[in-house]
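Me: Please take a close look at a single part of this model and describe it in a connected way, together with its surroundings.

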Amino acid sequence: MEANVYGLDAINAYNGWAISVVGVTIVFTGLVMLSLAISQLHKLLSLWENREELSLFKKKAPATDQIPVELTPGQKESARQFKLLAETLNEHFSLPRLLKLAKISGIDHPHATLARLLETDIIVSDTQGYHVLDMAQFKTLAS
Amino acid sequence: MEHLFVDFFQNTGFFLCDYRNIVMILVGMTFIYLGIAKDYEPLLLVPIGFGMLMGNIPVFQGLGLGIYENNSVLHYLYQGVTQGIYPPLIFLGIGAMTDFSTLLARPVLMLLGAAAQTGIFFTFLGALALGFAPNEAASIGIIGGADGPTAIFLTAKLAPKLIGPIAVAAYSYMALVPVIQPPIMRLLTTRKERLIRMEEPRDVSKREKMLFPIVAFLLCCFLAPAALPLLGMLCFGNLLKEAVVTERLAVAARTSIIDSVTILLGVTVGASTQGDVFLTAESVGIFFLGALSFCIATACGLLFAKFMNLFLKSKINPLLGAAGVSAVPDSARVVQVVGQQEDPTNFLLMHAMAPNISGVIGSAVAAGVLWSFMS
């Protein structure tokens, strides 16, 4: 580089314009980035401090085999009729016997209704080959 | 026996003195006067002023007395300046005594600090135009950052022979901020603008204050790695302060360390301003450009604040732009004073600290950028 260059020639010779523009851009970019980061900092901290209330961070309930239980009005009526039939039998009754009585009584869709009562644990196995009526579950679902 | 007296006399300062030593001694005494009697940045002007007295005592070369002689005590102490050791330690202390709450509460004010740093690059262009080499021009431009340690750090890396005039110019103008800035502030703002009241800042949590130095350091140094020594120490000092568990270290950083380093830096910088080195046409150019740099930085900050108000719903008082000049906390105090001259109930000091502090970060980034360009 020649010595004693002045004015605009010196600025052009040493890429002064480019250095200045790039330098200002970098300084501005850095402080803009920092300003943006800081402006979000308190929001991120608030999110972290309240994380237990967020569904994203909520601990999921352990999965169970239970199916959500709800009976239709028709099923509830059929369930009440099955209950009356079961009460005419022993406490521990035979499922085929109950089904036969349901068909004789004219209950609508006896097979489907009985299957639903088994699904909803209104009628449960006693593990001895017979079944019993769970009154608590009946009252919860069918009354 | 006569020869002994003659030899002795020829080794005295009275014999070796020339007018340049006298001028610099008078300048040193002026600095001491301004520091003590007028309370203009006494922690800087008194050590620098006395250093000027020490550096301009005429001594016989070869006795290991002068600051530029390799085996002198002053030369060893001066290594902290030329090797760039003192400025990062000063930044450590600054970080340990700075509260970044106002900056965290309203981050948009950080842009005012960025705007004020454009004065550095305007001055860089001016220095090139006056015939300075690019590395010298960069060192002169950084005076506009109004940050003494940053100016000394960059000059030590790029143009060590200019440390004396640049440091004296930087610290002189920092001390003269209350004189330089107000006329520019009144010229570039209307009375209506000066009366703008700022919104109350939100509360800032302790965690935010602890995270800020880490986030700021990583972001800025990934962008401009050359800013690592200065920004690293600034952020580290601030983390020591905010972490509470390291309060002992923070206290040491903002008291004994910064005070010790300020003494050594001031005295050695002052001593480096020897008449034959300092009183040159170059130094006059540096002083002129330094003043220009301060004025442009102040103007850029003010004008950018007015520009931002075109887009902001909640207006900023444009006087805050002048606080982007990182003479902490003097330029913030000047904003407070000028604002209160219009409305005594308008308290702008804490708001002005935000751009003031971002100016420190901005000038460190600018120094890193210039260093990386010139290396």
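Reply: In this predicted model, α16(B) runs for 15 residues and spans 20 Å from its first C-alpha to its last, which is close to the 21 Å expected at 1.5 Å a residue. Of those 15 residues, 13 are buried, so α16(B) is largely enclosed by the rest of the structure. After α16(B) comes Val244(B), which has a positive phi, near 65°.

On the other side, the loop between α15 (206–223) and α16 (228–242) of chain B holds Ala224(B). Ala224(B) counts as buried because 24 other C-beta atoms lie within 10 Å, where the cut-off for a buried residue is 20 or more. Leaving out residues up to four places away in sequence, Ala224(B) touches Val365(B), Gly368(B) and Val369(B) in its own chain, and Ile26(A) and Gly30(A) in chain A. With Val365(B) the separation along the chain is 141 residues, yet the two C-alpha atoms are 6.3 Å apart.

Those contacts with chain A lead to the contact between the chains, to which chain A gives 29 residues and chain B gives 36 residues. On the side of chain A that touches chain B, α1 (7–13) and α2 (16–49) each supply at least two residues, and the largest share, 21 residues, comes from α2(A). By class, this side of chain A consists of 19 nonpolar and 10 polar residues, with no charged residues.

The surroundings of α16(B) can also be followed through the nonpolar core. The largest such core has 139 residues, and those that touch the most other members are Ile166(B), Cys220(B), Ala227(B), Leu231(B), Leu320(B), Val335(B) and Ala367(B). Helix α21 (residues 349–374) of chain B gives the most to this core, namely 13 residues. Ala367(B), once its neighbours within four places in sequence are set aside, is in contact with Ala227(B) and Leu230(B), and also with Ile142(B), Thr150(B), Phe153(B) and Leu154(B). Apart from this core lies another, of 13 residues, which includes Ala79(A), Leu85(A), Ala86(A) and Phe93(A).

As for chain A as a whole, its assignment divides it into domain 1 (1–62) and domain 2 (73–142), and the centres of these two domains, taken over C-alpha atoms, are separated by 72 Å.

Definitions and conventions
Residues are numbered from 1 along each chain as its sequence is written. Chains are lettered from A and ligands numbered from 1 in the order in which they are written. This is a predicted model: local features need pLDDT of at least 70, side-chain atom pairs count only at pLDDT 80 or more; totals for chains, interfaces and linings use all residues. Two residues are in contact if their C-beta atoms, placed from the backbone, lie within 7 Å. Helices (H or I, at least four residues) and strands (E, at least two) are DSSP runs, numbered from the N terminus. Ala, Val, Leu, Ile, Met, Phe, Trp, Tyr, Cys and Pro count as nonpolar, Asp, Glu, Lys and Arg as charged, and the others, Gly among them, as polar. A residue is buried if 20 or more other C-beta atoms lie within 10 Å of its own, exposed if 12 or fewer, and partly exposed in between; C-beta atoms are placed from the backbone. The expected span of a helix is 1.5 Å times one less than its number of residues. A nonpolar core is a set of buried Ala, Val, Leu, Ile, Met, Phe, Trp, Tyr and Cys residues joined through C-beta atoms within 7 Å. Domain bounds come from an automatic or database domain assignment.
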